[in-house]
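Notebook open, coffee ready. Today I want to look up how this protein is put together and where it leaves empty space.

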Amino acid sequence: MEWMVLKKTKRVSRRERELVEEVLDGQFSSSTTYKMVTQLEKSFAQSFGVKHAVAMVNGTATLHMALEAAGVGIGDEVICPPLTMSSTSLAVLQANAVPVFADVDADTFLITAASIRSKITNKTKAVITVSLYGLSPQMEEIVELAHQNGIVVIEDNAQCFLGKHNGKIAGTFGDMASFSFQSSKHMTSGEGGIVITNDDSYALKLRRYSGLGYAGISINKGRITKDDIQDPSYERHVTLGWNYRMSDLCAAVALGQLERLDELVGIRVQSAKHFIDASYGCKWLSPQKVAEGDVHTYWAFVLKLDINKVSWQRFRKKYIELGGDGIYGAWKLSYQEPAFRDKNFLNREKLPQYSQYSYGNGLCPVAESVQPCLLQFKTNYWDERQAVKQAEILRQTISFFEKEIILEGKCQ
């Protein structure tokens, strides 16, 4: 795929506004409610070449429901990476299972098949991979390993829309894949998410579990009818379920964004190219390694800093002094967060399974060494001139420290 080179675009266009107006014109009547959600699900599934898509309120609910659909529960373990936003592992706790953290590769920052293999036990029910910053892990090897061991694979693609691994689109390798429409993501509805799958059984469970366990819900039907609910003898709930359904207003915005997805992804890829050019050749800054044939869609552009040469704080401070927008640090590793460290799991810690697993430093040495070194740069510059400016400031920041390193004799 060749990305569109855009000089200027809008985060929210006239198209999204038109679709929202259509929802509002419907006055939220029962005859029009869920129309946009249905269309979004159909269009998203078609765009990714899969049979089913189920929209929900956010990208954490989607992970939770994928785990529930996979039958994950008390006594089960779910392998996931620690270097990502903690929603990935929080969803495991919501499913009453134990997050087991597997290490990442030092150059791609992604979970690997080898690290997953070392964490598999007879309690492992699922693995959640994360396409970090817009780059997919080596999914064929991971899926083969998982399926050999009867383990369900869920792809967390919150940060990766239209990325590819070996020519295949991210999100189409595992048993289910979750996408987020949170405000910082490639496409957004402010909040929201969607799960895709080719499995009919998973699709039905995803829809029913996220729709209050309603009996009238089917694989392709996300709401019960007026005839159903007007019957006093109607038995609504056939299973426990959550109210994770997406609203038509959010779906309208997401549908408009989906229609523009190439454009929205393209602007981020173009922004990243400017940062890549600005940092090229610097020996103490390493970009995320992208394998030949893979497509990175750059939710963020990330550099690994040699903090023995320049401290993370000093680099960020100089970048801002020169006019930079700021630099984000990578998330604290999930198991280093207080909720995990202290097992503040809202009484789930009383389940016997949690007493057998402890969280603390040393679980994933590579991730622990990488996390403090990552510099995360925004790529959502809707006017390309802003990206050019920020890339030039990065170039100036590198030049400043290059001179300092040479003077102090830190260069190798």
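I started with contacts between residues at least 6 apart in sequence, and 72% of these join residues at least 24 apart. I should keep in mind that this is a predicted model.

**Overall build**

I looked up the secondary structure next and got 15 helices and 13 strands. Then I checked the size. The C-alpha atoms fill a box of roughly 85 × 55 × 35 Å along the principal axes. Does the radius of gyration agree with a compact globule, or disagree? I found that it agrees, because a compact globule of 412 residues would have a value near 22 Å and the protein has 22 Å.

I also looked at burial: 56% of the 412 residues count as buried. The protein exposes about 18100 Å², and carbon and sulfur atoms supply 50% of that area.

**Pockets**

Which residues lie nearest the centre of the largest pocket? I noted Gln 159, Gln 182, Ser 184, Lys 185 and Trp 299, out of 28 lining residues. The volume of this pocket is about 570 Å³. Helices α3 (59-69) and α4 (87-94) and strands β12 (328-329) and β13 (374-378) each give at least two residues to its lining. Sorted by class, I have 14 polar, nine nonpolar and five charged residues there.

The second largest pocket holds about 240 Å³ of space. I counted 15 lining residues, with Thr 33, Tyr 34, Arg 223, Ile 224 and Arg 245 closest to the centre. Both α8 (226-229) and α9 (248-259) supply at least two residues of this lining. Its classes come to seven nonpolar, four polar and four charged.

**Cavities**

How many cavities of 30 Å³ or more does the structure hold? I got two. The largest has about 40 Å³ of space. Tyr 34 and Arg 245 turn up again, since I find them in the lining of this cavity as well as among the residues closest to the centre of the second largest pocket. Others in the cavity lining include Glu 41, Arg 207 and Ile 217. By class I wrote down four nonpolar, three polar and three charged residues.

The second largest cavity has about 30 Å³. Its lining is Pro 287, Gln 288, His 296, Tyr 298, Ala 300, Phe 301 and Val 302. Which strand gives the most to that lining? I checked, and β11 (residues 300-305) does, with three residues. The class count here is five nonpolar, two polar and no charged residues.

How values were computed: Residues numbered from 1 in each chain as written. Predicted model: local features only at pLDDT ≥ 70, side-chain atom pairs only at ≥ 80, totals over all residues. Heavy atoms only, no water. 1 Å grid on protein atoms, 1.4 Å probe; cavity = no way out; pocket = protein on both sides within 12 Å on 5 of 7 lines; lining within 4 Å. Points joined across faces, edges and corners; volume = space filled by probe spheres on them. Nonpolar A, V, L, I, M, F, W, Y, C, P; charged D, E, K, R; others polar. Helix = DSSP H or I, 4+ residues; strand = E, 2+ residues; numbered from the N terminus. Rg over C-alpha atoms; globule rule 2.2 N^0.38 Å. Buried < 20%, exposed > 50% of the residue type's maximum accessible area, 1.4 Å probe, protein only. Contact = heavy atoms within 4.5 Å. Areas by Shrake-Rupley, 256 points an atom, 1.4 Å probe, with all protein chains shown as cover.
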